[in-house]
Amino acid sequence: MGAAKGPERADERAPVMSGPCSSLVALTTATSFSPSAGLVLLKLLVVGFVTWKGGIQASAMVMSSDNIRGFALALSSSFFIGSSFIVKKIGLKKAGMSGVRAGSGGFSYLYEPLWWLGMITMIVGEIANFAAYAFAPAILVTPLGALSIIVSAVLAHFVLDEKLHIFGVLGCVLCVVGSTSIVLHAPKEKNIESVKEVWYLATEPGFIAYSCVVVILVLVLIIRFVPRYGQTHMIVYVGICSLMGSLTVMGVKALGIALKLTFSGMNQFVFAQTWFFTAVVVICCILQLNYLNKALDSFNTAVISPVYYVMFTSLTIFASMIMFKDWASQNASQIVTELCGFVTILSGTLLLHKTKDMGESIDPEPTILSETELSNETEFSNH
């Protein structure tokens, strides 16, 4: 889901995206710790992966085949999106050595093959993320977007030498643990045979009411609050992006299901509903990206990233719960476990962003005192 963006900065840490459009914001690399912490990080991630793999194998009989496909696609999406920013940054650095840097208004990176390789990698990741929604419920796919932060942080530590703080390691582990809880207890995807079934779910009173509330809130924010508070209150732009993002994901899921059925031999593009969902995705994405760019241009990315991720993911899960009734077939224990996993991921994400600059020491310039000032300092200290 690409859109035109302003020139990129070579010294910028990876931006974010979680789900359609949101990866622009949830991807800021965490930085700074001692070299030995790299080994600690690797050991923790290996242990987490082994535990995760064993847990998934143990629950293979519980997870549906569609959930496994959706999980695999979401996982590959996180890897591609997380690594794309590292490749793009290497390309930006190379372009800055031979031309005007992007941060200074230059566009020399457009002639750098590595930058384009990063763009292609990101597009592949977004396509995988798009496809994941066709197989698995949003409550499984959307939170897994946080794993792209881990990929970005680990690669930045080893490839770009952007040191990860020890609390960043803890944030990575929390994301892995939370993701494992959600994956192992995610509800099964409904067996949908036609896009008309999705249309029936979208036109039920509960989701119509949610959609109307979202549209009204977005219009109020755009008409009344953006002109007055848009440049001073981050929540205005982020609120618009998050609200529209929840509708975007529902449209993407409907369109993904239509494409999956079409590829299996049942053409869904003969139905007007499929084109309606397509129009919703396009309109919501354009609006979302417009205000996301405004937010990134007006406020610190390190602040926007975690807030946007929390709001976007929460509203998306809420919208999915209303439209697809993801939790209808689950008991209270499974629902609570999923919520705990979600909160754990949020905690890890916030910790990664909060500590991304921790430990970076900037040596102050030495202060040179004149003889008079030096004598005054000595006299003052003697007193």
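These legends walk through several close-up views of the predicted model.

The model is predicted, so local features are taken at pLDDT of at least 70 and side-chain atom pairs only at pLDDT 80 or more, while totals for chains, interfaces and linings use all residues. Residues are numbered from 1 along each chain as its sequence is written, and side-chain values use heavy atoms, with hydrogens and water left out.

**View 1. Asp-66, Arg-69 and Lys-260 form one salt-bridge network.**
A salt bridge here is a side-chain nitrogen of Lys or Arg within 4 Å of a carboxyl oxygen of Asp or Glu, and the structure holds three of them. Arg-69 and Asp-66 pair up with an N to O distance of 2.8 Å. They sit three residues apart in helix H2, so about one helical turn separates them. Helices are DSSP runs of H or I with at least four residues, numbered from the N terminus. As a reminder, an α-helix has 3.6 residues a turn, so residues three or four places apart point the same way. Asp-66 also meets Lys-260 in a salt bridge, this one at 3.9 Å, N to O. Because Asp-66 is in helix H2 and Lys-260 is in helix H9 (residues 234-263), this pair ties together parts that are 194 residues apart in sequence. Arg-69 is partly exposed at 42% relative accessibility, and Lys-260 is partly exposed at 24%. For burial, the cut-offs are under 20% relative accessible area for buried, over 50% for exposed and partly exposed in between, using a 1.4 Å probe and protein chains only.

**View 2. Lys-325 reaches Glu-204 from another loop.**
Lys-325 sits in the loop between helix H11 (301-324) and helix H12 (332-354). Its phi is positive, about 50°, although Lys-325 is not a glycine. The closest N and O atoms of the Lys-325 and Glu-204 salt bridge are 2.5 Å apart. Glu-204 belongs to the loop between H7 and H8, so to speak across the chain: the two partners are 121 residues apart. The same side chains count as a polar contact at 2.5 Å, meaning a pair of N or O atoms within 3.5 Å; within protein, one must be able to donate a hydrogen and the other to accept it, and residues adjacent in sequence count only if both atoms are side-chain atoms. Lys-325 is partly exposed, with a relative accessible area of 35%. Glu-204 also has Met-323 at 7.9 Å, C-alpha to C-alpha, with their positions 119 residues apart in sequence.

**View 3. Glu-338 and Trp-327 share a polar contact.**
Glu-338 is part of helix H12. Is this residue buried or exposed? Glu-338 is buried, with a relative accessible area of 2%. Its side chain joins that of Trp-327 through a polar contact of 2.7 Å.

**View 4. Helix H5 is mostly covered.**
H5 runs over residues 147-158. Its twelve residues reach 17 Å from first C-alpha to last, close to the 16 Å expected; the expected span is 1.5 Å times one less than the number of residues. Ten of the twelve are buried, among them Leu-147, Ile-149, Ile-150, Val-151 and His-157.

**View 5. Helix H6 and its cysteines.**
H6 covers residues 166-185, and its end C-alpha atoms are 29 Å apart, which agrees with the 28 Å its 20 residues should span. Buried residues in H6 include Gly-168, Gly-171, Cys-172, Cys-175 and Gly-178. How many disulfides are there? The count comes to zero, with a disulfide taken as a pair of cysteine sulfur atoms within 2.5 Å. Cys-172 is in no disulfide, and the nearest cysteine sulfur, in Cys-175, is 6.6 Å away. Cys-172 has a relative accessible area of 0%. Elsewhere, the sulfur of Cys-284 is too far for a bond because the closest cysteine sulfur, in Cys-285, is 7.3 Å away. Cys-284 is buried too, at 5% relative accessibility.

**View 6. A nonpolar surface patch around Tyr-111.**Phe-107, Leu-110, Tyr-111 and Trp-116 make a nonpolar patch of about 480 Å². Patch residues have over 30% relative accessible area and no salt bridge, with like charges joined within 9 Å and nonpolar side chains (Val, Leu, Ile, Met, Phe, Trp, Tyr) within 5 Å. Accessible areas come from the Shrake-Rupley method with a 1.4 Å probe, and for residues only the protein chains shown count as cover. Tyr-111 lies in the loop between helix H2 (65-98) and helix H3 (113-135), and counts as exposed at 74% relative accessibility.

Terms used. Helices (H or I, at least four residues) and strands (E, at least two) are DSSP runs, numbered from the N terminus.
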